[in-house]
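Here are my notes for you to read alongside the structure. Keep the view open and find each part as we go.

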Amino acid sequence: MDTINGSEALIKSLIAEGVKTIFGYPGGQIIPVFDKLYSYKDKVNHILVRHEQGAVHAAQGFARVSGEPGVVIVTSGPGATNVLTGVADAMIDSTPLVVITGQVPAPLLGSDSFQETDVVGVTLPITKWSYQIRKPEEIAWAVARAFYIAKSGRPGPVVLDFPKDVQIGNVDFEYKKCDYIRSYQPNPIIDYKSISQAASMINGAKKPFLIFGQGIILSHAEQELKDFIEKSGIPCACTLLGLSALASDFKQFKGMVGMHGNLGPNKKTNECDVLIAVGMRFDDRVTSDVNTYAKQAKIIHIDIDPSEIGKNIPVEIGILGNAKDVLNLLIEKVDSSDHSNWSEEFDALNAIENEKVTLPETKPESGYLNMGEIVDKVSQATANSAIIVTDVGQNQMMAARYSKFTITRSLITSGGLGTMGFGLPAAIGAKIASPEREVCFFTGDGGIQMTLQELGTIMQENTAVKIIVLNNNWLGMVRQWQELFFNERYSETRMVNPDFVKLAEAYGIKAETVGKREEIDDAIKRMIDHKGAYLLNVNVVENGMVFPMIPGGKCVSKMMLSTKEWY
């Protein structure tokens with residue numbers, strides 16, 4: 001064992017966990033750690049962001065693409081509180097993070113000393129585990145435990161608070177990875193009786209329907225899902241965070257459910273006789289009015305988190321377990337079936353949506369540029385193989401609706417928390433995690449200005465992110481709600497924007513603005529062909545709307561196709 005100080009023990013512990021990338025920002029109470037990091041530059045790449053919120057969102061993007069925990073190191077006080085939004089975002093979206101915050105020396109705790117914050121107190125509700133390291137001897141133990149908790153079971157964020165006196169104290173260092181905690185059971189034992197019951201129910205169904213979420217991606221169950229669907233013949237759809245787990249052109253994949261999902265799967269939710277939910281949590285954006293959601297169906301819910309089963313929607317059969325393992329067991333027991341007639345009913349509804357919404361959005365005959373056609377063209381230009389990152393708002397829904405996917409882990413977006421400003425730093429993290437893939441980031445003129453300073457990180461790290469600003473000079477999604485439900489009272493949603501091209505160029509990023517249909521194809525080609533980062537500012541129609549839409553709290557089988565037409 002080597003006798004080293006706590007800061008070096010932290011760095012060596014991270015290296016032992018395979019960490020090669022850290023996102024962070026130095027400060028007074030974390031300087032000893034950054035000082036030791038200086039000696040390990042050959043083993044660990046530190047990404048200096050421009051704001052701590054940028055560090056945690058970048059770590060989220062990195063984790064969502066790589067499947068490994070994103071690591072963040074920041075200082076105490078405001079450094080720690082600046083990561084809270086990203087930590088909360090990671091918790092609700094099941095993203096594994098290990099966030100290390102500096103803290104004032106232990107003897108000063110509770111004295112309201114300079115830049116002191118009760119980090120454990122404020123993060124306990126939004127983490128899987130939050131712990132303050134009080135002795136150098138705890139460092140290796142705490143880091144090992146943090147990584148095990150963050151990435152096992154249902155993944156999520158862990159926060160380690162690291163007082164300065166512990167950083168400089170000496171310890172005889174020895175590292176042992178953690179693979180067991182007595183009070184923590186991340187991989188529940190599957191009830192085989194429930195597997196048999198579910199298989200029997202599925203085999204007897206006339207109109208079965210499967211909805212999958214991000215749990216498929218987190219459990220690496222993409223192939224098992226495909227095998228199960230192909231054998232059972234069941235049509236399927238996904239939640240927002242489930243997108244890309246199956247290829248967009250997979251025959252039995254019918255699209256996305258939810259507020260701005262597809263007509264077929266939303267309406268058929270209320271017509272199926274057996275609804276199989278895999279790795280999704282029945283959040284309100286999927287169910288809308290729970291009192292009218294799938295009341296005719298027997299529901300089978302498969303999830304690794306026992307708190308989710310039956311929480312929002314009553315279920316007939318709850319199966320607790322890893323989606324990959326459960327699907328493997330079900331594949332053995334379900335019959336090979338033909339549900340083609342039932343499947344064609346989804347297609348007929350989606351054809352109506354295509355005629356009334358999709359074609360006007362992606363192939364308009366005249367007028368201003370639409371968000372949908374830009375997303376569609378970018379997706380085609382990248383052979384539907386890019387990692388798509390979004391901010392939050394109309395740009396998010398348009399990117400989800402009109403991007404096509406051929407590779408898993410290809411949509412990075414803020415789901416449960418809906419964090420504006422998420423996208424730009426998340427795109428940086430995604431590109432660092434997968435430098436060989438094209439990363440295209442769709443944002444609105446509102447969202448990009450929340451973390452615009454991270455253009456500096458792109459400049460410093462030479463991160464080749466392609467940024468597409470869908471610029472309508474409004475906070476578009478709020479404006480849409482104001483038009484539809486608040487009598488067109490556009491309170492504080494009109495944006496007066498800077499020149500995004502000049503801003504990008506100030507950071508050494510190639511940029512241009514387009515606003516005419518005849519310009520867009522060549523502009524997208526220039527962006528994709530460019531070797532470095534690129535910002536394409538697209539002036540789109542100001543009063544554009546995202547349809548179809550289920551107004552909040554309404555029935556999922558009643559969708560708006562336009563401001564005047566319901567179906």
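1. A quick term before we start: two strands pair if DSSP finds at least two bridges between them. With that in hand, look at strand 9 and strand 12, which pair in the parallel sense over 5 bridges. One of the matches to find is leucine 210, whose bridge partner in strand 12 is isoleucine 276. Bear in mind throughout that this is a predicted model.

2. Now follow strand 12 to its pairing with strand 13 (residues 298-303), again parallel and over 5 bridges. Here leucine 275 has isoleucine 299 of strand 13 as its bridge partner.

3. Is strand 12 mostly covered or mostly open? Mostly covered: 5 of its 5 residues are buried. In a regular strand, side chains alternate between the two faces of the sheet. You can see two sets here, with Val274, Ile276 and Val278 pointing one way and Leu275 and Ala277 the other, all of them buried.

4. Next, helix 11 (residues 222-232). Its buried residues are Glu222, Glu224, Leu225, Phe228, Ile229 and Ser232. Why do they sit on the same side of helix 11? Because they cover an arc of only 165 degrees around the axis. As background, an α-helix has 3.6 residues a turn, so residues three or four places apart point the same way.

5. What covers that buried side? Strand 12 (274-278) turns up again here, and the cover also includes helix 9 (192-203), strand 9 (208-212) and helix 14 (323-333). Just past the end of helix 11, have a look at glycine 233, which takes a positive phi of about 75 degrees.

6. Over to another sheet: 6 strands form an open, parallel sheet in the order 3-2-4-5-7-6. Strand 3 (45-48) and strand 6 (129-132) each have a single partner strand, so one side of each is left without a neighbour in the sheet. From one strand to the next, the twist averages 20 degrees.

7. Within that order, strand 4 (residues 70-74) and strand 5 (residues 97-103) run parallel and are joined by 5 bridges. Isoleucine 73 has isoleucine 100 as its bridge partner in strand 5. Helix 5 (residues 84-92) packs on the sheet, where it touches strand 5 and strand 7 (157-163), and its direction makes about 145 degrees with that of strand 7.

8. Last, a pocket. The second largest one has a volume of about 540 Å³. It is lined by 22 residues, and those closest to its centre are Ser248, Gly255, Asn262, Arg401 and Lys404. Which helix gives the largest share of the lining? That is helix 15, with 5 residues.

Definitions and conventions
Residues numbered from 1 in each chain as written. Predicted model: local features only at pLDDT ≥ 70, side-chain atom pairs only at ≥ 80, totals over all residues. Heavy atoms only, no water. Buried < 20%, exposed > 50% of the residue type's maximum accessible area, 1.4 Å probe, protein only. Helix = DSSP H or I, 4+ residues; strand = E, 2+ residues; numbered from the N terminus. Arc of directions from axis to C-beta. Contact = heavy atoms within 4.5 Å. Axes fitted to C-alpha atoms, helices over the stretch in contact; angles between N-to-C directions. 1 Å grid on protein atoms, 1.4 Å probe; cavity = no way out; pocket = protein on both sides within 12 Å on 5 of 7 lines; lining within 4 Å. Points joined across faces, edges and corners; volume = space filled by probe spheres on them.
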